[in-house]
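Colleague: Could you take me through one part of this model up close? I'd love to hear where it sits and what surrounds it.

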Amino acid sequence: MSNADELLVDIAAMVESEQTNQMSLTVVVHGAVITGRLAPETLWRQRVAEVLRDSERLGPFAGTFMAAPDVTEARDSREPSYLHFHVARILQGPVGIPETGGMYRIAIKDVSAWTMGDLSYSDQ
């Protein structure tokens with residue numbers, strides 16, 4: 001999309017303002033189908049930092065995710081431009097990658113289609 005979908009921006013803003021991670025969403029981005037739950041950016045950053053801290057090789061990158069700009073004032077005055085997914089999977093045929101779910105940051109302007117809910121998949 002050349003312009004971000006206003007309804008999708010409103011949903012992202014509500015997730016940010018309510019600080020909830022219960023909104024399930026499925027999006028299509030450059031042909032890839034990604035399904036999972038949205039999270040507020042601050043919570044998403046914290047979780048990514050935790051995962052990185054637990055890694056011997058990637059630990060030094062954890063601080064980058066926690067060194068967020070002042071999100072309180074800056075975010076209140078502007079619309080979100082990214083969706084922050086957790087427990088998300090890229091659907092590829094009958095398989096979801098990664099199987100356990102991952103953390104994805106997606107530019108709202110890149111979403112070409114979306115639907116409410118977390119799509120399940122099956123190999124049956």
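Modeller: Gladly! Helices and strands here are DSSP runs, with at least four residues for a helix and at least two for a strand, numbered from the N terminus. On that basis the chain of this predicted model has four helices and five strands, and along the sequence they follow the pattern α-β-β-α-α-α-β-β-β.

Let's look closely at T35, which lies in strand β2 (residues 32–38). T35 has a relative accessible area of 0%, so it counts as buried, the cut-off being under 20%. The side chain of T35 makes a polar contact of 2.7 Å with the side chain of T26. Leaving aside neighbours within four places in sequence, T35 also touches residues further along, including V87, A88, R89 and L91, as well as G117, D118 and L119. L25 is another of its contacts.

For the wider setting, 61% of the chain's contacts between residues at least 6 apart in sequence join residues at least 24 apart. Buried residues make up 31% of the 124 residues.

Helix α2 (residues 41–53) is worth a glance too. Its 13 residues should span 18 Å at 1.5 Å a residue, and the end C-alpha atoms are 18 Å apart, so the two agree. In α2, the buried residues are E41, W44, R45, V48, A49 and L52. These residues cover an arc of only 135° around the axis, and therefore lie on the same side of α2. The general rule behind such a pattern is that an α-helix has 3.6 residues a turn, so residues three or four places apart point the same way.

Terms used. Residues numbered from 1 in each chain as written. Predicted model: local features only at pLDDT ≥ 70, side-chain atom pairs only at ≥ 80, totals over all residues. Heavy atoms only, no water. Buried < 20%, exposed > 50% of the residue type's maximum accessible area, 1.4 Å probe, protein only. Polar contact = N/O pair within 3.5 Å; in protein donor to acceptor, adjacent residues only side chain to side chain. Contact = heavy atoms within 4.5 Å. Expected span 1.5 Å × (residues − 1). Arc of directions from axis to C-beta.
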